[in-house]
Amino acid sequence: PLLGRFTYSSILGVLIFVFVFVCSGIAAEVAGYTDVAKRIIDLAVFGAARNRSYTRLADFTDTIGTRVSGSNNLDMGIKYMYNAMVKDGLDVHLEPVKIPHWVRGKESAQMLLPRTKSLAVLGLGSSVGTPPEGIKAEVLVVQSFEELKQRASEATGKIVVFNQPFVSYGKTVAYRAFGASEAAKVGAVATLIRSITPFSINSPHTGWQNYQDGVRRIPTACITVEDAELMWRIAQRGQQIVVQLNMEAKTLPDVGSFNTVAEIRGWQHPNQVVVLSGHLDSWDVGQGAMDDGGGAMISWEALSLIKDLGLRPRRTLRTILWTAEEQGGVGAQQYFSLHKGNMSNFDLVMESDLGTFTPVALQFTGSDAARKVMEEVVKLLAPINVTKLEDNGEGTDISPWMKVGVPGASLHTADSRYFWFHHSEGDTMSVQDPGDMDLCSAAWAVVAYVVADLQDMLPR
């Protein structure tokens, strides 16, 4: 009855007034961090911390090298980072997890007909090996799963070569992930997958692949774009192709490992947390500098910048260096299972795993009310021209949290070259730029600190 005294328009007017009032209050609160944000940016980009994240990454990757799940190198990398962050004055601990242990072993591929040619090859993670004598078989070249189905009668006893065009990583990676099982269903004895990359200089790209339950497991590896296209052209001429494939790949029992966690404890709400993260593991080629050494380093560097300035936010800042991300976010999933009971205390989860090139925007997933807050926060990055807030925060390791409603953010960089080097021997320090890493570190630190220090958590 009371509401009946008011018109719809008057109620709407009140709601709009309240919304504007709240938003203006948030804008004013966030704007109050302008000077702090400038101090963080100045320290990272122009001050004593300039080039520090790059130098740390170079020292780490040059010393440790690749860090594939289950390897001694990954163990050494975790110990290295634990000691380095303790020395940096952070509160550091390790959280145990169980992770896959796949071993590549020796591998080779050679085209025998219509001419002899060595093929650059990288076995795919979780692949089985060939028999000791290898597999010698005729090749069937297809360009899609649809073509494979249409030519299923030709696949029996053959090595299927997928020469699928690169559309985008998200779409094309299905061939790497499921190509072996799809080929096995029609009787193939092995698969060779065109590397998932838009650009190649005759370098294969590895990655994880998934066998389907109930389907025979056959060896699978990636070859270069050049070799896939070569065999496709030969096949189009109607010539027979024969390949010899040898792979020693095998999967050993899961092993113990750790997620590496460093914190600056909040002074008012220490149980409420803003997470910054990257993954410490890599593939067993290159140096793992870009994927994801850079993301791990800027997540450490953000805490260092805040500590160096003597800042301490209301809530805890927690950097997590995940393990076994490349095997499907194994370490992160176990972390989520362990901590999801405290879900309401996770304010924001952040992940950098698409390179630390020049930052161009922050990607965000959250409620409309939370987005309004984050739109104000990114305005503080005006000195480095990163004021755009995009949709869809992404990251294998933070996706479990975002799926249950925790706000998530990722760093969007000028990443047009990312998949040139991704999972290949080309992922080295030569890809990294110290100035770009400084900008990424500054953006990461400003966003994390401000969100952690606001009066209220981000609205769900």
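## Exercises on a predicted model

The largest nonpolar core of this predicted model holds 76 residues. The residues with the most contacts inside this core are Ile40, Leu317, Leu348, Met350, Met374, Ile384 and Val447.

**Exercise 1.** State which helix gives the largest share of this core. Then list what Ile384 touches, and look for a second core.

*Solution.*
- Step 1. Helix 13, residues 434-453, supplies the largest share, with 14 residues.
- Step 2. Take Ile384, one of the residues with the most contacts inside the core. Leave out residues up to four places away in sequence; Ile384 then touches Ile41, Val45, Leu439, Ala442 and Ala443.
- Step 3. A second core is separate and has 29 residues, among them Met111, Leu119, Val161 and Leu245.

**Exercise 2.** Work out how strand 12 pairs with strands 10 and 11, and whether strand 12 is enclosed or open.

*Solution.*
- Step 1. Strand 12 covers residues 315-322. Strand 10, residues 250-264, pairs with strand 12 in the antiparallel sense, over 5 bridges. One bridge sets Glu263 against Arg318 of strand 12.
- Step 2. Strand 11, residues 269-279, runs parallel to strand 12, and 8 bridges join them. Here Gly278 has Leu321 of strand 12 as its bridge partner.
- Step 3. Trace the connection. The chain leaves strand 11, passes through helix 8 (residues 289-308) and reaches strand 12; this β-α-β crossover is right-handed.
- Step 4. Check burial, with the cut-off at under 20% relative accessible area. In strand 12, 8 of the 8 residues are buried, so the rest of the structure largely encloses this strand.

**Exercise 3.** Compare the end-to-end distance of helix 8 with that of a straight helix, then assess its burial.

*Solution.*
- Step 1. Helix 8 has 20 residues. At 1.5 Å a residue, a straight helix would reach 28 Å.
- Step 2. The end C-alpha atoms of helix 8 are only 25 Å apart, so by the expected-span rule the helix falls short of the straight value.
- Step 3. Count buried residues: 18 of the 20 are buried, so helix 8 is largely enclosed by the rest of the structure.
- Step 4. Look past the helix. Gly310 follows, and its phi is positive, near 70°.

**Exercise 4.** Place Thr260 in its strand, and find its burial and its contacts.

*Solution.*
- Step 1. Thr260 belongs to strand 10.
- Step 2. Its relative accessible area is 0%, so Thr260 is buried.
- Step 3. Set aside neighbours within four places in sequence. Thr260 then contacts Ile78, Tyr82, Met85, Val92, His93, Leu94, Leu280, Thr319, Ile320 and Leu321.

Conventions. Residues numbered from 1 in each chain as written. Predicted model: local features only at pLDDT ≥ 70, side-chain atom pairs only at ≥ 80, totals over all residues. Heavy atoms only, no water. Buried < 20%, exposed > 50% of the residue type's maximum accessible area, 1.4 Å probe, protein only. Helix = DSSP H or I, 4+ residues; strand = E, 2+ residues; numbered from the N terminus. Pairing = 2+ DSSP bridges. Right-handed = clockwise from strand over helix to strand, strands pointing away. Core = buried A, V, L, I, M, F, W, Y, C linked by side-chain atoms within 4.5 Å. Contact = heavy atoms within 4.5 Å.
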